[in-house]
Amino acid sequence: MAALCTQHSSPTPSLSFIAIALLLFTLSTGCASRSWADEAFPVVKILVTYHSSSGNTERMAEAVVEGARSVPNTVVVLRRVNLVTAEDLFSSDAVIVGSPVYWSNMSGEVKTFFDNWQFKFGVFPEFKMKNKVGAAFATGGQVSSGKEVTMLTILAAMLGNQMIVVSGGGAFGASATTEGDSPGIDKNELADARALGQRVADVAKLISRASAK
């Protein structure tokens, strides 16, 4: 009879059951976090393209790439203008174009690149570059040698394609003076190029996030 009077305690969950429950909770919350992060910070692709004979514009382009890659979830493609394909162009969320100054304007190679948007890639009449982000950078031998004009003509070509143009590193983009008292590319000019790349990546991400809603 004494055995009938023993107390009955509530069953204790086994350790294995607790471990499984914790694992499921961790996995579910982890997936939710990744899903939120993917939505909040979409991956964007940036095309950085340039023409360079002396290597100065190429060095600026590399700094632009560095700045863009400093922004999380950013994929950057670096191409010379004559090697850009239709896939490079149309799959990008942003395009940053760099040119040396030739007679106070963009080089012939960069102008041909823009002409090829229609003659080779057929951007019109669908405006296939519409709402992509665009930016420019330039290098020139002298302090006043047409760098701003060069960047403005690059931005004008982008505006004609209904792109969203931004500046960074300077009023119209990043630029460098490469002769006289400032030979080559100095650390301040490289910093401006990185700032341009970073700003383009930030703006492209904002637009991509808004478009996805």
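# Notebook: helices, strands and salt bridges

I began with two helices: the axes of α2 and α6 come within 6 Å of each other and cross at roughly 45°. That angle makes α2 oblique to α6. I noted the hand of the crossing of α2 and α6 as right-handed. The model I am reading is a predicted one.

**Entry: overall layout.** I listed the secondary structure and found six helices and six strands in the protein. Reading from the N terminus, I wrote the order of elements down as α-β-α-β-α-β-α-β-α-β-β-α. I also looked up burial for the whole protein: of its 213 residues, 40% count as buried.

**Entry: a link between α2 and α6.** I went back to the two crossing helices to look at their side chains. Which residue does the side chain of Glu 66 meet in a salt bridge? The partner is Arg 194, with 3.9 Å from N to O. I checked this against the cut-off, which asks for a nitrogen of Lys or Arg within 4 Å of a carboxyl oxygen of Asp or Glu, so the pair at 3.9 Å counts. Glu 66 sits in helix α2 (residues 56-69) and Arg 194 in helix α6 (residues 187-212), so the salt bridge ties together parts that are 128 residues apart in sequence. I looked up the exposure of both ends. Glu 66 has a relative accessible area of 47% and is partly exposed. Arg 194, at 28% relative accessibility, is partly exposed as well.

**Entry: other salt bridges.** How many salt bridges are there by this rule? I have the count as four. One of them joins the side chains of Asp 88 and Arg 79, at 3.1 Å from N to O. Is Asp 88 buried or exposed? Asp 88 is buried, with a relative accessible area of 6%. Its partner Arg 79 is partly exposed, at 31%.

I then looked at another pair, Asp 115 and Lys 111, whose side chains meet in a salt bridge of 2.9 Å, N to O. Both residues belong to helix α4 (residues 108-119) and stand four residues apart, about one turn of the helix. Asp 115 counts as partly exposed at 27% relative accessibility, and Lys 111 is partly exposed at 41%.

**Entry: strand β1 and its neighbours.** I traced the pairing of strand β1 (residues 44-50) and found seven bridges to strand β2 (residues 74-80), with the two strands running parallel. Between β1 and β2 the chain passes through α2, and this β-α-β crossover is right-handed. For single partners in β2, I noted that Lys 45 is bridged to Val 75 and Thr 49 to Arg 79. Arg 79 had already come up in the salt bridge with Asp 88.

β1 also pairs with strand β3 (residues 94-100), through five bridges and again in parallel. In β3, I found Ala 94 as the bridge partner of Ile 46.

I next looked up how covered β1 is. Seven of its seven residues are buried. Val 44, Ile 46, Val 48 and Tyr 50 point one way from β1, while Lys 45, Leu 47 and Thr 49 point the other way, and all are buried.

**Entry: a contact of α4.** I found Glu 109 in helix α4, partly exposed at 39% relative accessibility. In sequence Glu 109 and Val 81 are 28 residues apart, and in space their C-alpha atoms are 7.2 Å apart.

**Entry: backbone in the loops.** I checked the loop between β3 and α4, where Trp 103 lies. Phi of Trp 103 is near 50°, which is a positive value in a residue other than glycine. Trp 103 is exposed, with a relative accessible area of 86%. Ser 104 lies in the loop between β3 and α4 too. Ser 104 has a positive phi of about 65° although it is not a glycine. I have Ser 104 down as partly exposed, at 39% relative accessible area.

Where is Pro 125? I placed Pro 125 in the loop between α4 and β4 (133-140). The peptide bond that joins Phe 124 and Pro 125 is cis, with omega at about 15°.

Technical notes
Residues are numbered from 1 along each chain as its sequence is written. This is a predicted model: local features need pLDDT of at least 70, side-chain atom pairs count only at pLDDT 80 or more; totals for chains, interfaces and linings use all residues. Side-chain values use heavy atoms; hydrogens and water are left out. Buried means under 20% relative accessible area, exposed over 50%, partly exposed in between (1.4 Å probe, protein chains only). Two strands pair if DSSP finds at least two bridges between them. A crossover is right-handed if, with the strands pointing away from the viewer, the path from the first strand over the helix to the second runs clockwise. Axes are lines fitted to C-alpha atoms, for helices over the stretch in contact, and angles run from 0 to 180 degrees between N-to-C directions. Angles under 35 degrees count as roughly parallel, over 145 as roughly antiparallel, 65 to 115 as roughly perpendicular and the rest as oblique. A crossing is left-handed if the near helix is turned anticlockwise from the far one by less than a right angle, and right-handed if clockwise.
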